[in-house]
Amino acid sequence: MAKRVAVVLAGCGVFDGSEVHEASAVLVHLSREGAQAEVYAPNIPQMHVVDHAKGQPTPEQRNVLVESARIARGNIKDLATLDVKGLDALIIPGGFGVAKNLSTWATQGKNCSISKEVEDVLRAFHAAHKPIGLCCISPVLAAKIFPGCEVTVGHDTECEQWPYAKTAEAMKELGCRHVNCQVTEVHVDARNRLVTTSAFMCNAPIHDIHDGIGKMVREVLQLA
């Protein structure tokens, strides 16, 4: 039987939701590997809406579930209905929506809180020893919830290629172990069944990001 994988989205668009290319890459690689993706998102307001052409917030109000449905082509479920029993794995793509809508990392960093629905889902998969794949900024969710876990968001030294490297330092302060990896590489924390990759935390060609996410998906499915 095909493995059933929950994919949790955080809106639609890098600056206020899920990173579209990352979400698409996850869905493409799951399909290629013969897995069945089931897309979920929380039915909550976005923290704010960003005009992606200008990079500036607007006074609009949007809903995370409604916006995520754009990526899912309408085939999406409310995160509140997710039942870990019928699923084999969980994957959360990145994008600022993870740090703004699924958590408050964008404004509070290591002192952030995680949405209760999101935390409950992560803890349920972890308790069931089912694998969790996280890319880009989403490994901060694991760093906050699972002290001592091992993750990567790429590199921990800031430079032009790694503009968000300070994230790794903040995660270390939460007690997790950060492992430096290239964009096409993943880190597997076998004890916690976590698979992470940096994706757009790196200024890299989009095909390298696509390939790194593909490796994450394959590792998740091998653990499932």
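## A strand in the middle of things

Let us start with strand 7, which covers residues 132-135. Ile132 and Leu134 point one way from this strand, while Gly133 and Cys135 point the other way, and all of them are buried. Please keep in mind that this is a predicted model.

Strand 7 has partners to follow from here. Strand 6, made of residues 89-92, pairs with strand 7 in the parallel sense over three bridges. In that neighbourhood, Ile91 stands opposite Gly133 of strand 7. Strand 11, residues 194-197, also pairs with strand 7 in the parallel sense, over four bridges. There, Leu134 stands opposite Thr196 of strand 11.

## The whole sheet

Now step back to the sheet itself. Seven strands form an open sheet with mixed pairing, and their order is 5-2-1-6-7-11-10. Which strands stand at the edges? They are strand 5 (77-78) and strand 10 (187-189); each has a single partner strand, so one side of each is left without a neighbour in the sheet.

The partner of strand 5 can be found by reading the strand order. Strand 2, residues 36-41, pairs with strand 5 in the parallel sense over two bridges. If you would like a residue to look for, Ala41 has Asp78 of strand 5 as its bridge partner.

## The chain as a whole

How many helices and strands does the protein chain have? There are eight helices and 11 strands. The radius of gyration is 16 Å, close to the 17 Å that the globule rule gives for 224 residues, so the protein chain is as compact as a globular protein of that length. Along the principal axes, the C-alpha atoms fill a box of roughly 45 × 40 × 35 Å.

Of the 224 residues, 51% count as buried. Among the contacts in the protein chain with a separation of 6 or more, 72% are between residues 24 or more positions apart. The protein chain exposes about 9900 Å², and carbon and sulfur atoms supply 49% of that area. As for charge, there are 22 positive and 25 negative side chains, and the centres of these two sets lie 4 Å apart.

## Two loop residues with a positive phi

Some backbone background helps here. Most residues other than glycine have a negative phi.

Arg73 has a positive phi of about 55 degrees although it is not a glycine. You will find Arg73 in the loop between helix 2 (64-71) and strand 5. Is Arg73 buried or exposed? Its relative accessibility is 80%, so Arg73 counts as exposed.

Ala199 is a residue other than glycine with a positive phi, near 50 degrees. Ala199 sits in the loop between strand 11 and helix 8 (206-223). The relative accessible area of Ala199 is 1%, so this residue is buried.

## Three alanines in helices

Three alanines make handy stops on a tour of the helices. Begin with Ala25, which lies in helix 1 (residues 20-32). At 3% relative accessibility, Ala25 counts as buried. Which residues are in contact with Ala25, leaving aside its neighbours within four places in sequence? They are His210 and Ile213. Ala25 and Ser103 are 78 residues apart along the chain, and their C-alpha atoms are separated by 23 Å.

Next comes Ala143, in helix 6 (residues 139-145). Ala143 has 1% relative accessibility, so it counts as buried. Not counting residues up to four places away in sequence, Ala143 touches Cys149, Met171, Leu174 and Cys176. Ala143 and Ala128 are 15 residues apart in sequence, and from C-alpha to C-alpha they are 18 Å apart in space.

The tour ends at Ala170, which belongs to helix 7 (residues 166-173). Its relative accessible area is 16%, and since buried means under 20%, Ala170 is buried. Leaving aside neighbours within four places in sequence, Ala170 is in contact with Trp105 and Lys110. Ala170 and Glu33 are 137 residues apart along the chain, with 34 Å separating their C-alpha atoms.

Definitions and conventions. Residues are numbered from 1 along each chain as its sequence is written. This is a predicted model: local features need pLDDT of at least 70, side-chain atom pairs count only at pLDDT 80 or more; totals for chains, interfaces and linings use all residues. Side-chain values use heavy atoms; hydrogens and water are left out. The radius of gyration is taken over C-alpha atoms; the globule rule is 2.2 Å times the number of residues to the power 0.38. Buried means under 20% relative accessible area, exposed over 50%, partly exposed in between (1.4 Å probe, protein chains only). Contact means heavy atoms within 4.5 Å. Accessible areas come from the Shrake-Rupley method with a 1.4 Å probe; for residues, only the protein chains shown count as cover. Lys and Arg count as positive and Asp and Glu as negative; His and the chain ends are not counted. The place of a charge is taken as NZ of Lys, CZ of Arg, CG of Asp or CD of Glu. Two strands pair if DSSP finds at least two bridges between them.
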